[in-house]
Amino acid sequence: MQIKITKSGLKKDEVFFLTEFGEGRGIWCGAPVNPGAEMDVEFELSELLMRWVDIHPIPAGEFNIRLEQDKVIFTGVLENIEEDGTGYLRIGEGLVMFECLGEPMALGVFVELQVRDVRIYPFSI
């Protein structure tokens with residue numbers, strides 16, 4: 001996903017970013033970057049999410065990334081959840097991987113993922 005770094009945060013390596021779908025924050029895991037830098041990245045959501053607690057179906061919506069207090073909310077289409085709990089959220093053309101537990105959820109519908117810990121890696125082919 002393409003992001004633009006908007007500013008540094010208070011924690012070590014924390015950055016705030018802007019995408020075509022909204023804004024968020026996370027820990028930058030690459031060479032130092034300055035505000036204004038634009039790049040392709042991958043998001044890693046390292047915490048274990050609970051379906052129906054951290055992941056909620058929402059009425060048909062639109063792709064979105066936003067900040068709410070200490071959480072980053074990713075809104076997208078739930079593409080798949082594998083047997084081992086690895087899930088895939090589609091936001092635009094990009095996929096965000098996550099790990100989850102809990103009761104089954106319908107695939108192909110819009111959901112919100114609420115996370116506290118987002119790691120951002122520069123994407124290189």
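## Salt bridges, a β core and strand β3

K12 counts as exposed, since its relative accessibility of 70% is over the 50% cut-off. Keep in mind that this is a predicted model. The partner of K12 in a salt bridge is D13, with N and O 3.7 Å apart. D13 is partly exposed, at 41% relative accessibility.

How many salt bridges does the model have? The count comes to seven. Here are some of them, including the pair just mentioned.

| Salt bridge | N to O distance |
|---|---|
| K12 and D13 | 3.7 Å |
| R66 and E68 | 3.0 Å |
| D70 and R116 | 3.0 Å |

The D70 and R116 pair is worth a look in your viewer. R116 sits in the loop between β10 and β11, while D70 sits in the loop between β6 (64-68) and β7, so this salt bridge ties together parts that are 46 residues apart in sequence. D70 counts as partly exposed, at 37% relative accessibility. There's also a small network: salt bridges with shared partners join R66, E68 and E112. Within that network, E68 is partly exposed at 36%, and R66 is partly exposed too, at 24% relative accessibility.

Now for the inside. Nonpolar side chains in soluble globular proteins tend to be buried together. In this model, the largest nonpolar core has 28 residues, and the members that touch the most others are F43, F74, F98, L113 and I120. Strands that give two or more residues to this core include β1 (2-8), β2 (14-19), β7 (71-81), β8 (86-91) and β9 (94-101). β10 (110-115) and β11 (118-122) are also among them. Which strand gives the largest share? That's β4, residues 38-50, with five residues in the core.

F98 makes a handy starting point for browsing the core. Leaving aside residues up to four places away in sequence, F98 touches L45, L49, I55, L78, G85, T86, G87, Y88, L89 and L113. One of these, L113, also belongs to the group of core members with the most contacts to other members.

Finally, strand β3. Is it mostly covered or mostly open? Mostly covered: six of the seven residues in β3 (22-28) are buried. β3 forms a hairpin with β2, with two residues between the strands. The pairing of β2 and β3 is antiparallel and runs over six bridges, and L18 stands opposite E23 of β3. β3 also runs parallel to β11, joined to that strand by two bridges. There, I27 has R119 of β11 as its bridge partner.

Methods:
Residues are numbered from 1 along each chain as its sequence is written. This is a predicted model: local features need pLDDT of at least 70, side-chain atom pairs count only at pLDDT 80 or more; totals for chains, interfaces and linings use all residues. Side-chain values use heavy atoms; hydrogens and water are left out. A nonpolar core is a set of buried Ala, Val, Leu, Ile, Met, Phe, Trp, Tyr and Cys residues joined through side-chain atoms within 4.5 Å. Buried means under 20% relative accessible area, exposed over 50%, partly exposed in between (1.4 Å probe, protein chains only). Helices (H or I, at least four residues) and strands (E, at least two) are DSSP runs, numbered from the N terminus. Contact means heavy atoms within 4.5 Å. A salt bridge is a side-chain nitrogen of Lys or Arg within 4 Å of a carboxyl oxygen of Asp or Glu. Two strands pair if DSSP finds at least two bridges between them.
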